[in-house]
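This report concerns the fold statistics, the internal cavity and a set of individual residues of one protein model. The sequence and the structure come before the discussion.

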Amino acid sequence: MFRRVGPVFYYLATTLTRLQKRAIFVILDILMIPLALFAALLLNGSTEVQLSLLTNLVPLMGAMAVLGTGVSIYLSIPRIKLNAYETRGIIRTALHGTALGIIGAVVNMLFTPSIPGEVFFIFSLFYLVASASWRIALRQFLLNYVYRKGQRRMRVLVYGAGRTGQQLVAALRTDDAILPVVFVDDNPTLQTNVVAGLQVHAPSQIKELITRLAIDRVVLAMPSLPQARQSRIALDLRELGCEVHALPSFAELVGQGEMSKQVTPVSLDDLLGRNRLETELPGVSHAYSDRRILITGAGGSIGSELCRQLIACRPHCIVLLDHSELALYNIEKEMRDLAGDLTLVPVLGSICDDDTVRQVLTKYKIDVVLHAAAYKHLPLVECNAIAGLRNNVIGTKVIADAARDVGVERFILVSSDKAVRPTNVMGASKRLAELVVQDLATRSANTRFSMVRFGNVLGSSGSVIPLFEEQIGRGGPVTLTHGSVTRYFMTIAEAARLVLLAGSFARGGDVFVLDMGDPVPIHKLARQMIEGAGHTVRDAAHPDGEIEIMITGLRPGEKLHEELLISPDMLTTPHNKILRAQESYLSEIEMANAMKDLRRAIDSLDEDAAKAVIARWVERSADEDRIEDAQIS
């Protein structure tokens, strides 16, 4: 039956004006008057209900209807929406019923004193029940069978049966798309009770409740609980396969909460320890306009930002090379949306594949190579030395040789501050890659080779910033390898602009670095991020703090302080924030021997032999620089 009448009611509910709906409410309330009066007469045993009596009561009911309508309008009862008809609506209906009873008793006493006075007391009670009942019944019918028309509602478990949780449930009950199902609370006195119409359960039952009640989302309605505790609860709940959301108190939503608890984001200037330089670095559109550009590692943090910035330079085409299918798909999709009619060529392949690299360079007549492909996660490369050296060194050798052979105009290598006097495999692999490029720079007549050295790039994969954010998000602790560690930082935008500028400044064999100010203490950075996220730091001086900074010890090959230069002699460039160093390098014969030994070690998967190559040739290069430094001083 509901399926047949549902469309009719839906049409009426959506087409009637607000005034028409109020008129219907008034009429329904008027119809409750004779019903309530008849019921009161039946319930009163001293009155015999006869047809003549009912006929004589018509003028009385008419007077009650007219005067009662005025009282109803005065109390604004017809203005109360059905989905907002809660306690206050019932109270107004009770006042209306009382007023009708008094009106009926007065009229009966003055004109037709044929009904006992106690009948009107019963009438008031029955009118309250009848008037409230039809509203509640109509609301449930409209919500369940008309407006929602069978649509599935999101089923929500509310964690916290306190004031905020009860307010949330009351609000959600008026929503067409969300259904509060059950409460969970840590308070044993509330468990097994019914609060706001919902059963309260213990947290130990959450897993069973989520499965049995088909819960879609969990809402944490405990704003007074420390944020670190909320984060841990949220992390545990997410493992059960549910979305988890935290709700502030309603007082905080309107600005009555403590200001100290509001999150204050940490500015990038604070994280960098200096002003950002994106606006100070000049544009480079002239160097890349109408050029054919290959970006290796195009789906990575630096590679993808290079793609975005190159759009403004209006190159002839951009070839995106990456060995990760997902990364290549994401950057190609993003570029399609941003680049308009710019020619984009996604190439799924490895820089270690000589045939693929040469085919790409030749087929698309590449003018500029921006080489950002590299393995850069220090611990991973440390325990996968062969893979790291193959990709970072052999891959660089393959693409650099191919670029020189086909006559590419410019080749820019993205390097790292860990290449300076390296103490780990990743840093040594980047220094060997630099030596490869420096060697080719001395023997190339047509291709200008250059390198750019970065510090840590904020927000890039593997950066300490996302790691700290993740640890803070789950309530800590924040792990730090050493209390005195410092690092240079730069933004992704600064890093990409520096690469593009280096290509335009290059004269051959140059190493470019950005003047990044003083290195940033990582302990200070961790504290800033914890406090910026609205938490307090737990330490010896503040044992009640929320998140602890835990010292785990330096990882194998990790340095306390990174450097950007090997030799102290600096040269200027057309921009005062970009510096250039011309560092020593291996001879052609030495480089050939180093690469021969490294290839043999990699082909035989001999990690010890590969590390011996690093120890011999990378340390030798650094020793030569130290000798030059001593001679200069």
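## Report on the predicted model

Arg336 has a relative accessible area of 41% and is therefore partly exposed, a class that lies between buried (under 20% relative accessible area) and exposed (over 50%), with a 1.4 Å probe and protein chains only. The model is predicted: local features need pLDDT of at least 70 and side-chain atom pairs count only at pLDDT 80 or more, while totals for chains, interfaces and linings use all residues. Residues are numbered from 1 along each chain as its sequence is written, and side-chain values use heavy atoms, with hydrogens and water left out.

Arg336 belongs to helix α14 (residues 325-339). When residues up to four places away in sequence are not counted, Arg336 touches Leu344 and Pro346, where contact means heavy atoms within 4.5 Å.

**Overall composition**

The protein contains 23 helices and 21 strands. These elements are DSSP runs numbered from the N terminus, with helices (H or I) of at least four residues and strands (E) of at least two. Of the 633 residues, 48% are buried. Contacts between residues at least 6 apart in sequence join residues at least 24 apart in 76% of cases. The exposed surface of the protein is about 30100 Å², and carbon and sulfur atoms supply 56% of it; the areas come from the Shrake-Rupley method with a 1.4 Å probe, and for residues only the protein chains shown count as cover.

**Individual residues**

Asp439 sits in helix α18 (residues 425-442). Because its relative accessibility is 2%, Asp439 counts as buried. Neighbours within four places in sequence aside, the contacts of Asp439 are Leu586, Ser587, Glu588 and Met591.

Two residues other than glycine have a positive phi: for Thr192 the angle is about 75°, and for Arg314 it is near 50°. Thr192 lies in the loop between β2 (178-184) and β3 (194-195), and Arg314 lies in the loop between α13 (301-311) and β8 (317-322). The table gives the accessibility of these two residues together with that of two cysteines.

| Residue | Relative accessibility | Class |
|---|---|---|
| Thr192 | 63% | exposed |
| Arg314 | 41% | partly exposed |
| Cys307 | 0% | buried |
| Cys313 | 5% | buried |

The structure holds zero disulfides, a disulfide being a pair of cysteine sulfur atoms within 2.5 Å.

**The internal cavity**

Rolling a probe the size of a water molecule over the atoms shows where empty space is left. Here a cavity is a set of points, on a 1 Å grid over the protein atoms alone, where a 1.4 Å probe fits but cannot get out; lining residues have an atom within 4 Å of a point. Grid points are joined across faces, edges and corners, and a volume is the space filled by probe spheres set on the points.

By this rule there is one cavity of 30 Å³ or more. The largest cavity has a volume of about 50 Å³. Elements α2 (18-43) and α4 (58-74) are those that give two or more residues to its lining. The lining of the largest cavity consists of Val26, Asp29, Ile30, Ile33, Ala65, Gly68, Thr69, Ser72, His96 and Tyr127. These lining residues divide into five nonpolar, four polar and one charged. In this classification Ala, Val, Leu, Ile, Met, Phe, Trp, Tyr, Cys and Pro are nonpolar, Asp, Glu, Lys and Arg are charged, and the others, Gly among them, are polar.

Terms used: 1 Å grid on protein atoms, 1.4 Å probe; cavity = no way out; pocket = protein on both sides within 12 Å on 5 of 7 lines; lining within 4 Å.
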